Amino acid sequence: MSTPEARLDALGIVLPAPMKPVATYVPFVITGNLLYVSGQVSATAEGRILGRLGEDMELSAGQHAARICGINLIAQCKAAVGDLSRIKRVVKLGGFVNAAPAFIDIPQVVNGCSDLMVEVFGEAGKHARSAVACPTLPLGVAVEVDGVFEIA
């Protein structure tokens with residue numbers, strides 16, 4: 001079985017430097033065998049992915065934005081525990097989607113992040129989840145996702 005780092009490499013994903021908090025919070029907290037990662041927004045080194053699903057952004061673009069959130073979550077996990085093989089399970093993701101009132105495909109948007117977790121962590125990447133529409137998100141981003149991970 002390959003490691004999460006090997007899977008990332010096979011997917012052509014290079015983890016970015018973990019994002020720094022934009023307000024009064026820490027990027028992650030470890031308590032017992034759980035790692036809580038603060039919400040990671042749809043942003044890359046090139047800038048934020050902005051927009052509102054169902055208004056100026058299509059489903060596929062929202063899924064891409066959610067995948068970027070997943071990459072940022074994994075970058076925070078690596079910063080927290082070093083070796084991603086220490087992630088025993090993705091326990092829960094909370095997905096928040098900047099959506100117009102009539103847009104109802106919120107779960108499909110957040111699948112962009114969920115699918116990545118399974119690609120990188122295999123069976124251990126399957127998780128509980130919430131997916132919620134919001135009228136706006138911090139900094140105008142399209143998607144934000146937080147996570148809880150079990151660590152060894």
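Four short exercises on a predicted model follow, each with a worked solution.

**Exercise 1. The largest pocket**

Find the volume of the largest pocket, the residues closest to its centre and the make-up of its lining.

Solution.
- Step 1. Take the volume: the largest pocket holds about 190 Å³ of space.
- Step 2. Go to the centre. The lining has 14 residues, and Lys20, Val22, Tyr25, Gly39 and Val41 are the closest to the centre.
- Step 3. Look for the main contributor. Strand S2, residues 34-41, gives the most to this lining: four residues.
- Step 4. Sort the lining by character. Eight residues are nonpolar, four are polar and two are charged.

**Exercise 2. Two cysteines**

Explain why Cys113 forms no bond with the closest cysteine sulfur, and decide whether Cys69 and Cys113 are buried or exposed.

Solution.
- Step 1. Count the disulfides: the structure holds zero. Cys69 is in none, and its nearest cysteine sulfur belongs to Cys113.
- Step 2. Check the distance. A disulfide needs the two sulfur atoms within 2.5 Å. The Cys113 sulfur lies 6.6 Å from that of Cys69, so the pair is too far apart for a bond.
- Step 3. Check accessibility. The cut-off for buried is under 20% relative accessible area. Cys69 has 0% and therefore counts as buried. Cys113 also has 0%, so Cys113 is buried.

**Exercise 3. Gln40 and its surroundings**

Place Gln40 in the fold, judge its burial, and list its polar partner and its contacts.

Solution.
- Step 1. Locate the residue: Gln40 sits in strand S2.
- Step 2. Judge its burial. Its relative accessible area is 4%, so Gln40 is buried.
- Step 3. Find the polar partner. A polar atom of the Gln40 side chain lies 3.0 Å from the backbone oxygen of Ser38.
- Step 4. List the contacts, leaving out residues up to four places away in sequence. Gln40 touches Met19, Cys69, Asn72, Leu73, Gln76, Val143, Glu144 and Val145. Cys69, from Exercise 2, is among them.

**Exercise 4. Ser114 in its helix**

Which helix holds Ser114? Which side chain makes a polar contact with that of Ser114?

Solution.
- Step 1. Locate the residue: Ser114 belongs to helix H3, residues 106-121.
- Step 2. Judge its burial. With a relative accessible area of 8%, Ser114 is buried.
- Step 3. Find the polar partner. The side chains of Ser114 and Arg129 make a polar contact at 2.9 Å.
- Step 4. List the contacts, setting aside neighbours within four places in sequence. Ser114 is in contact with Leu93, His127 and Arg129. Arg129 thus appears in both steps.

Terms used. Residues numbered from 1 in each chain as written. Predicted model: local features only at pLDDT ≥ 70, side-chain atom pairs only at ≥ 80, totals over all residues. Heavy atoms only, no water. 1 Å grid on protein atoms, 1.4 Å probe; cavity = no way out; pocket = protein on both sides within 12 Å on 5 of 7 lines; lining within 4 Å. Points joined across faces, edges and corners; volume = space filled by probe spheres on them. Helix = DSSP H or I, 4+ residues; strand = E, 2+ residues; numbered from the N terminus. Nonpolar A, V, L, I, M, F, W, Y, C, P; charged D, E, K, R; others polar. Buried < 20%, exposed > 50% of the residue type's maximum accessible area, 1.4 Å probe, protein only. Polar contact = N/O pair within 3.5 Å; in protein donor to acceptor, adjacent residues only side chain to side chain. Contact = heavy atoms within 4.5 Å.
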